[in-house]
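User: Please take me through the model below by question and answer. I would like the criteria stated along the way.

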Amino acid sequence: MTAVVPAHETADVDHADVRPAHAIVADLGQHVVGVGYQHTLEPWVAAQLAADYYQPWTQNVDFLGTSGKANTGGDLRGLIARGRLFFFPLGGAPAGLWVSPFAQVGVGWGLRGGERRAGPVWAFGQSVGYSIVVAERVLLGLGVGVQYHAARIPGGDGPPSFGRLYPQLDIQAGYAF
């Protein structure tokens with residue numbers, strides 16, 4: 001079995017059997033871009049916490065000004081914190097096949113009648129994916145899944161408030177140590 005050992009504790013260990021226990025990752029999801037920290041707890045589980053900029057392009061009427069229309073509703077963006085666990089059924093964390101439940105919560109700012117208002121945004125879901133460690137230090141991962149995603153901006157129904165199921169996409173790249 002492969003050992004999970006922090007790099008500073010590997011002086012007397014066969015390096016072929018050592019996997020990094022920590023990683024700083026770029027969290028690139030379907031609606032988020034951010035940075036996170038991942039820690040391998042056991043060969044079969046790792047925990048991750050990320051801070052992300054949030055802009056749900058699947059909800060926004062005029063995502064990045066590309067529609068050519070005046071933005072009449074939505075224009076939702078915000079900040080979130082995402083926590084997740086990665087379960088590696090074959091062991092070998094942080095690399096290999098994984099299943100990852102997650103939850104995120106934050107604040108979003110959306111337009112209602114031309115006025116920007118703040119409200120809660122959240123999501124929870126699950127992904128399945130695969131990660132590899134390249135050159136002993138570069139962690140790369142890709143996953144897909146499903147999420148329930150919602151926002152509640154005060155002042156009415158409809159955009160920018162929403163709540164529904166969406167597909168989930170996870171892309172991660174980082175420095176493992």
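**Burial, contacts and surface**

Analyst: At 2% relative accessibility, Arg82 counts as buried, because buried means under 20% relative accessible area, exposed over 50% and partly exposed in between (1.4 Å probe, protein chains only). This is a predicted model, in which local features need pLDDT of at least 70 and side-chain atom pairs count only at pLDDT 80 or more, while totals for chains, interfaces and linings use all residues. Residues are numbered from 1 along each chain as its sequence is written, and side-chain values use heavy atoms, with hydrogens and water left out.

User: What is the secondary structure of the protein chain, in helices and strands?
Analyst: Helices (H or I, at least four residues) and strands (E, at least two) are DSSP runs, numbered from the N terminus. Read along the sequence, the pattern is β-β-β-β-β-β-β-β-β-β. The count for the protein chain is zero helices and ten strands.

User: With which side chain does the side chain of Arg82 make a polar contact?
Analyst: Arg82 belongs to strand S6, residues 74–87. A polar contact is a pair of N or O atoms within 3.5 Å; within protein, one must be able to donate a hydrogen and the other to accept it, and residues adjacent in sequence count only if both atoms are side-chain atoms. Contact in general means heavy atoms within 4.5 Å, and, not counting residues up to four places away in sequence, Arg82 touches residues including Gln48, Phe102 and Asp170. The polar partner, at 3.3 Å, is the side chain of Asp27.

User: Is Gln48 buried or exposed, and which side chain is its polar partner?
Analyst: Gln48 is found in strand S5 (residues 45–54). Its relative accessible area is 4%, so Gln48 is buried. Beyond four places in sequence, Gln48 touches Arg82, Phe86 and Gln172, among others. The side chain that makes a polar contact with that of Gln48, at 3.0 Å, is Gln172.

User: Which elements give two or more residues to the largest nonpolar core?
Analyst: A nonpolar core is a set of buried Ala, Val, Leu, Ile, Met, Phe, Trp, Tyr and Cys residues joined through side-chain atoms within 4.5 Å. The largest has nine residues: Val32, Tyr54, Leu76, Ile80, Val121, Ala151, Ile153, Phe162 and Tyr166. The elements asked for are S6 and strand S10 (162–176).

User: How many residues make up the other core, which includes Trp98?
Analyst: This core lies apart from the largest one. Among its members are Ala46, Phe86, Phe88 and Trp98. Its size is five residues.

User: Which element gives the most to the nonpolar patch on the surface?
Analyst: Patches are made of residues with over 30% relative accessible area and no salt bridge (a side-chain nitrogen of Lys or Arg within 4 Å of a carboxyl oxygen of Asp or Glu); like charges are joined within 9 Å, nonpolar side chains (Val, Leu, Ile, Met, Phe, Trp, Tyr) within 5 Å. Leu90, Leu97, Val128, Tyr130, Ile132, Val134, Val138 and Leu140 form this patch, with about 700 Å² of accessible area together. Strand S8 (115–134) and strand S9 (138–151) each give two or more residues. With four residues, the element that gives the most is S8.

User: How far apart are the C-alpha atoms of Pro160 and Leu111?
Analyst: Pro160 is in the loop between S9 and S10 and is buried, with a relative accessible area of 3%. Pro160 and Leu111 are 49 residues apart along the chain. Their C-alpha atoms are separated by 6.9 Å.

Definitions and conventions: Accessible areas come from the Shrake-Rupley method with a 1.4 Å probe; for residues, only the protein chains shown count as cover.
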